[in-house]
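Let's take a walk through this one together, starting with a bit of vocabulary and then moving from the overall layout to the details. Keep the viewer open as you read.

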Amino acid sequence: MNFFNDLQERIKVALEAMIGDGTLPGGLDLGAVAVEPPRDPEHGDVATNCALVLAKAAKMKPRDIAEPLAARLAEADDVVSADVAGPGFLNLRMTDGFWHARLAEVLTGGTEYGRSDLGATSGKVNVEYVSANPTGPIHVGHARGAVYGDALASLLEFSGFDVTREFYINDAGAQAEALARSVHMRYREALGEDIGDIPSGLYPGEYLRRLGEDLAETKGDAWKSAPEGDWLEPIRSQSVDTMMAMVRGDLDALGIVHSVFSSEMELVRAGRVDALIAELLGRDLIYEGTLDPPKGKEPDDWEPREQSLFRATQFGDDVDRPLKKSDGSWTYFATDMAYHEDKIARGFETLIVVLGADHGGYTKRVNAIVEALAGDKVKMDVKLCQMVKLLRGGEPAKMSKRAGQFVTVRDVVDEVGMDVMRFIMLTRRNDAQLDFDFDLVMEQSRENPVFYVQYAHARCYSVLKKTQSAMPDVDLSAAALAKADLSRLTHASELALMKSLAGWPRTVESAALAHEPHRIAFYLRDLASHFHALWTKGKEDGSLRFLIDGDTELTLARMALVRGCMTGLAVGLGIIGVTPVEELR
RNA sequence: GCGCCCGUAGCUCAGGGGACAGAGCAGCGGACUUCUAAUCCGCAGGUCGGAGGUUCGAAUCCUCCCGGGCGCGCCA
């Protein structure tokens, strides 16, 4: 369906024919031949650099390759012209009929338009995202990674990859214990004790009060002054479960559902960390050694300590990494090694991990793990999402009503809605910082991309509805419109819209391969722009309106274009999880 | 000190080996009184942070420098 691929095939066939008749020497590598939209639409519809790429190996001037190739390609019925330009580019211009055929594909494709089997042979893909500590509600800072990961997973699925959406629960570390201690304090509080301020290092959030109260109800004062060893584990376990239920609820408010939740604690309990470390010891990838303190930022309490270290430097990391804390428990890194080993054992061939930018320093480490465990058999891609700056009235929004609290995803979704939250999070590349302006995102104007795109979709819906009531007898279903006489669509603005729609499969493919779902959001804004332009043309020139009294045939052709556009918008919005609304309030 | 990310129009950002570097906002000038008003068109705006290098060709790849962000054992 990606017509650039089809044309690439045609060009290769033509090149091979030229090799066959001696115009070109044999043995050329056609792999570097690119077929893509020219930067400047004035140059044509499709451009290829093949003459430039092949010139050296063929020992020919680019033009001597491009001109006979152009002559061959120009013979095709759907090619208007094939011109050699600039240093040796070959530009193709396609007939209107070619674009009409693309529009028909949109209509017959429907919600599947642009779906491909691109990833069918790539093996299983694991997308791990959010993976927030189960110690409280989801913070707005997590939302970007959540939306990014979710949209990326959808994008990959749409492109034929076998995708698993995974959440890693960090329930075995010090944070989970701090949660348990915090809940224990709330429990004592519920029993009437004056606990004063929650000590630093513990979680002061009000949301833990309820857990303390529940404990007081079920346990009475049994754990009130009992030693920590009696209650730490049961409270940890129970609190993590409660927090995870809350986290899932928060994610649900964002329209995000993971299919696999992996528990760090379960890996530890199943002995997976010990087993892996034994294996790595056997491979001499773990040794006893002492680390130097980091230069330039030496911690005050640094004590040289001989400990077990993983030879991460053999796999591109900057230093070897410790496996045990001084209290004997595993470091985060040690259990994460076991977690990645587990993912690999489950048969994933591509691992994508979405992290906040503040975890950037972890990238090399996790790459080192995967390389050590799977070599180049498993591809690892750590995606960092930069921070989101919340703005209100141009000023930084208050991140806290009071110290210790934070803006939750739930708060923001309640205020602006899921669609706005999701779309805005994809209006920047993941590695660029993002401003989230509460005033702007609620505005109904062109400046607000969510509104702009949804408005285009609503306009499509509206004009179809209007036409149906004006012409009750016509069939405006996609299947019927695909058979309309599309040759009536000849205006430059109509063709521009069809070309934009025809570019969708290529956009999806490239976004999927690059792991960049923001390209979908940018595409949608561009598609919407073409539609709005055509709409306004109809206001300036009555003959360009979609609904033409007395010319049912033309009206049907234009309805096909409108429905095609609506389909394109809906499919794209679907991938990023935004509702294609039928009307605006 | 070291590592990673970023530096593109006044502002916010696309483009990540190809042709004259694009869009939105802000500025200026127009169109549209409606198939839902919030839409559209045009003008103006640039040493792609700087300097070298690779290449037929560099905003894009490499090296160094400058500037900003993040991180740098027993947090995750």
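First, a word on how helices are picked out: a helix here is a DSSP run of H or I covering at least four residues, and helices are numbered from the N terminus. With that in hand, look at helix 16, which runs over residues 449-470. Phe451 and Tyr455 sit 4 residues apart in helix 16, so about one helical turn separates them. Keep that pair in mind; we'll come back to it. Remember too that you're looking at a predicted model.

Now zoom out. Chain A has 585 residues, and 49% of them are buried. Its secondary structure adds up to 21 helices and 15 strands, and the C-alpha trace spans about 85 × 65 × 40 Å along its principal axes. The chain is split into four pieces: domain 1 covers 3-94, domain 2 is put together from 124-169 and 258-385, domain 3 takes 174-253, and domain 4 takes 445-576. Going by C-alpha atoms, the centres of domain 3 and domain 4 are 54 Å apart.

Next, the RNA. Strand B is surrounded by 66 residues of the protein, and the closest ones are Phe89, Gln175, Lys325, Gln444 and Ser462. What share of the RNA atoms within 4 Å of the protein belongs to sugar and phosphate? The figure is 58%.

You can see several kinds of contact if you pick out individual residues. Asn91 uses its side chain: an N or O atom there is 2.9 Å from a base nitrogen of RNA strand B. Ala174 uses its backbone instead, with a polar atom 2.9 Å from a phosphate oxygen of the strand. Ala357 also brings in a polar backbone atom, 3.1 Å from a sugar or linking oxygen of RNA strand B. As for which elements build this surface, those giving two or more residues are helix 2 (50-58), strand 4 (89-94), helix 6 (174-190), helix 12 (363-374), helix 16 and helix 20 (518-540). Helix 16 has the largest share, with 8 residues. In terms of chemistry, the residues near the RNA come to 24 nonpolar, 17 polar and 25 charged.

That brings us back to helix 16 and its aromatic pair. Across the whole structure there are 15 aromatic pairs. How do the rings of Phe451 and Tyr455 meet? Their centres are 5.2 Å apart and their planes are at 15 degrees, so the pair is stacked. The cut-off behind that call is that planes under 30 degrees apart count as stacked. Are the two partners buried or exposed? Phe451 has a relative accessibility of 14%, so it counts as buried, whereas Tyr455, at 28%, counts as partly exposed.

There's more to see among the rings. Phe3, Phe4, Phe98 and Trp99 are linked by ring pairs into a cluster. Phe98 has another neighbour as well: the charged end of Arg102 sits over its ring, 4.4 Å from the centre. Elsewhere, the charged end of Arg248 sits over the ring of Phe261, 3.7 Å from its centre.

Now for a couple of backbone oddities. Val130 isn't a glycine, yet its phi is positive, near 75 degrees. You'll find Val130 in the loop between strand 5 (124-128) and helix 5 (140-158), and at 12% relative accessibility it counts as buried. His515 is another non-glycine residue with a positive phi, about 55 degrees. His515 is in the loop between helix 19 (504-514) and helix 20, and its relative accessibility of 12% makes it buried too.

Finally, try two distances that set sequence against space. Arg346, in the loop between helix 11 (332-345) and strand 11 (348-356), is partly exposed at 27% relative accessibility. Arg346 and Asn126 are 220 residues apart along the chain, with their C-alpha atoms separated by 9.9 Å. Then take Ser262, which lies in strand 7 (residues 260-263) and is buried with a relative accessible area of 10%. Ser262 and Asn49 are 213 residues apart along the chain, and 47 Å separates their C-alpha atoms.

Note on methods
Residues numbered from 1 in each chain as written. Chains lettered and ligands numbered in written order. Predicted model: local features only at pLDDT ≥ 70, side-chain atom pairs only at ≥ 80, totals over all residues. Heavy atoms only, no water. Domains from an automatic or database assignment. Phe/Tyr/Trp six-rings, centres within 6.5 Å; stacked < 30°, edge-to-face > 60°. Buried < 20%, exposed > 50% of the residue type's maximum accessible area, 1.4 Å probe, protein only. Lys NZ or Arg CZ within 6 Å of the ring centre and 35° of its normal. Near = heavy atom within 4 Å. Polar contact = N/O pair within 3.5 Å; in protein donor to acceptor, adjacent residues only side chain to side chain. Nonpolar A, V, L, I, M, F, W, Y, C, P; charged D, E, K, R; others polar.
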